[in-house]
Amino acid sequence: MERTRGHQEGVTVLRAWVERGDPTTGLRVRIIRVADGERSLTTVETTIDAVCAAVRVWLLELLADEAADTAGGGAAEQE
Amino acid sequence: METSFPAGLALGLLSGFRLTTGAGRTSVVPGAQRLIALLALQERPLSRACVADALWPSGRPDRAGANLRSCLWRVNRRCGPLIETSAQHLSLADDVAVDVRAVSRQAHRLLEDPDPCEDCLTAATLADLSLDVLPDWYDEWVLVEREQFHQLRLHALEAMSGRLVAVGRYGAAVDAGLAAVRAEPLRESSHRAVIRAHLAAGNDWEAARQYVRCCRALQRELGIEPSPALRRLVPFRDSTLVLLR
């Protein structure tokens, strides 16, 4: 896969299943984060809200990294 | 990889990329590996545009198309008649044996076939079902296919364990269940398969140990206890299980 310099790519895989057919207490979601072609972290959550919060944090981290890279790249270009 | 193929072209994607021709293992450059793997993971022809977009998503469409033509030329020159082409579509040649396809067929038999499937209850099948598709590749199209196969193999390993218990092969049943636990340590049904195999063999204490391992994993990662249904499988009092925890 071609990558542009300073360009972050992230993929989040949600591997979800329900234990005992009970969606109230049996939801399990393994969150597999992939950044720039490498697996970086996996966690597990048991509620939809917690999954949404984890994905939101992940996106914010990705955006923060992107902003840092952009700022760093701009400085390098000015030198 | 334990699956054996007939003479000719064989493509292995479980555990890593491996292309074998009649002359032995063939080295393929990474770009060509991706083209071959993408076509192998789809059991239908793909449009050239779809393939170019999947393999070179960041580039301009005309550039991606040029990359694809160049890659196709390299593959055909290096590997012979591996890819069938038409004006619009590409597909892997029908006579290429692909390990993922073969193992998926075995997995579906374990899950759905009303017959005993004794030819699937082998160490080779267990080894194949313990592997993931191209584990070190993180292209988006690989992630999707890998997850799909991962789910299939989890279910198949549990079914295999149940079938092995039914024919009295308790040791192999435990192995199949443990392979499922390794693939997903928080899945209760995988722990249940191991516990049932131990109980069927008369090893109640081993069943209790597996239950405790499940408790530890769930407590460590989620802060919860296993379900009451799993607890009821284990023929010991709580006070006894505490000694193991």
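Accessible areas here come from the Shrake-Rupley method with a 1.4 Å probe. Keep that in mind, since I will quote surface values. One more point up front: this is a predicted model.

Let's start with chain B. Its accessible surface comes to about 11800 Å². Carbon and sulfur atoms hold 50% of that area. The chain has 245 residues, and 49% of them are buried. Its C-alpha trace spans about 70 × 40 × 30 Å along the principal axes.

What is chain B built from? It has 11 helices and 7 strands. How do its contacts run along the sequence? Take the contacts in chain B with a separation of 6 or more. Residues 24 or more positions apart account for 60% of them.

Now the charges. Chain B carries 30 positive and 29 negative charges. The mean positions of these two sets are 4 Å apart.

Next, helix α4 of chain B. This helix covers residues 99-112. I picked two residues from it.

The first pick is B:L110, which sits in helix α4. Is B:L110 buried or exposed? B:L110 has a relative accessible area of 2%. Buried means under 20%, so B:L110 is buried. Which residues does B:L110 touch, leaving out those up to four places away in sequence? Here is the list: B:C120, B:L121, B:T125, B:L129, B:A156, B:A159, B:M160 and B:R163.

Here is a distance to go with B:L110. Look along the chain to B:E221, 111 residues away. The C-alpha atoms of B:L110 and B:E221 are separated by 31 Å.

The second pick is B:S104, also placed in helix α4 of chain B. B:S104 has 15% relative accessibility, so it counts as buried. Set aside its neighbours within four places in sequence, and B:S104 is in contact with B:F149 and B:L152.

On to a surface feature of chain B. Which residues form the positive surface patch? They are B:R209, B:R213, B:R216 and B:R220. Let's look at one of them. B:R209 lies in helix α9, which runs over residues 204-222 of chain B. Patch residues need over 30% relative accessible area. B:R209 has 35%, which makes this residue partly exposed.

Time for chain A. How many residues does chain A have? It has 79, and 27% of them count as buried. Chain A exposes about 4900 Å². Carbon and sulfur atoms supply 55% of that surface.

The layout of chain A is quick to describe. There are 3 strands and 1 helix. From the N terminus on, the order is β-β-β-α. Now its contacts between residues at least 6 apart in sequence. Of these, 30% join residues at least 24 apart.

Chain A has a surface patch to show as well. This one is negative. Its members are A:D36, A:E38, A:E61, A:D65 and A:D69. Where does the largest share of the negative patch come from? From helix α1 of chain A, residues 48-78, which gives 3 residues. A:D69 is placed in that helix α1. Its relative accessible area is 32%, so A:D69 is partly exposed.

To recap the two patches. Chain B shows the positive one, with B:R209 among its members. Chain A shows the negative one, with A:D69 among its members. And in helix α4 of chain B, remember B:L110, buried at 2%.

Methods. Residues numbered from 1 in each chain as written. Chains lettered and ligands numbered in written order. Predicted model: local features only at pLDDT ≥ 70, side-chain atom pairs only at ≥ 80, totals over all residues. Heavy atoms only, no water. Patch = residues over 30% accessible without salt bridge, like charges linked within 9 Å, V, L, I, M, F, W, Y side chains within 5 Å. Salt bridge = Lys/Arg side-chain N within 4 Å of Asp/Glu carboxyl O. Lys, Arg positive; Asp, Glu negative; His and termini not counted. Charge placed at Lys NZ, Arg CZ, Asp CG, Glu CD. Helix = DSSP H or I, 4+ residues; strand = E, 2+ residues; numbered from the N terminus. Buried < 20%, exposed > 50% of the residue type's maximum accessible area, 1.4 Å probe, protein only. Contact = heavy atoms within 4.5 Å.
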